[in-house]
Amino acid sequence: MAEEKAVSLAKEKVELSEVEDFHIYHGTETVSVLEGKNKKGENIIVWIPEKSKKVIWDKRKNGISKEDAVQRLLEEKSPKKIISVKLGMENSIPLWEIYYRSENNLINYYYVDFKTGEWLKKIENL
């Protein structure tokens with residue numbers, strides 16, 4: 001149901017012609033994230049915070065890739081195992097969330113700005 005509402009809202013605000021992926025990001029707020037294509041066939045990403053319902057979108061090429069986000073983590077940390085890498089949003093900033101386990105098997109989260117590739121925050125050793 002959440003996906004249908006998000007797709008409907010996105011289509012009102014953005015030229016979203018095809019949805020390829022949908023997930024819900026749970027951070028400081030809950031955000032629906034859609035990945036798809038616009039009418040020109042360009043890959044786009046749409047973020048819709050649950051509270052404000054404000055549709056924020058960008059072309060995928062305007063941000064860093066999943067691989068670049070992981071590379072940013074690897075420059076600073078040595079994860080034992082990367083569990084997931086997904087798009088999210090905190091404080092209206094689109095980001096990549098990297099969830100990984102460190103050598104001592106503790107849980108860690110590393111957040112990278114989608115647009116700039118800059119490190120935003122980390123939560124370590126849970």
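Helices and strands here are DSSP runs, helices having at least four residues and strands at least two.

**View 1. Welcome to the annotated span of this predicted model.** An unreviewed UniProt entry places the feature "domain: PepSY" at residues 64–121. Across residues 64–121, 19% is helix and 50% is strand, and the C-alpha atoms at the two ends lie 17 Å apart.

**View 2. Here is an open sheet of four strands, ordered β5-β6-β7-β8.** The pairing is antiparallel. β5 (81–90) and β8 (119–123) each have a single partner strand, so one side of each of these edge strands has no neighbour in the sheet. On average, neighbouring strands are turned by 20 degrees against each other, direction ignored.

**View 3. Now for a closer look at β5 beside β6.** Nine bridges join β5 to β6 (residues 93–101) in the antiparallel sense. If you would like a spot to zoom in on, find Ser 84, which stands opposite Tyr 99 in β6.

**View 4. Helix α2 (residues 66–76) packs on the sheet.** The strands touched by α2 are β5, β6, β7 (107–113) and β8. Between the direction of α2 and that of β6 the angle is about 55 degrees.

**View 5. Let us finish at Val 7, a residue of helix α1 (residues 2–13).** Val 7 has 15% relative accessibility, and because buried means under 20%, Val 7 counts as buried. Leaving aside residues up to four places away in sequence, Val 7 touches Val 19 and Leu 34. Ile 48 is 41 residues from Val 7 in sequence, with a C-alpha to C-alpha distance of 9.7 Å.

Terms used: Residues numbered from 1 in each chain as written. Predicted model: local features only at pLDDT ≥ 70, side-chain atom pairs only at ≥ 80, totals over all residues. Heavy atoms only, no water. Pairing = 2+ DSSP bridges. Axes fitted to C-alpha atoms, helices over the stretch in contact; angles between N-to-C directions. Contact = heavy atoms within 4.5 Å. UniProt positions renumbered as here; feature names shortened; annotations may be inferred. Buried < 20%, exposed > 50% of the residue type's maximum accessible area, 1.4 Å probe, protein only.
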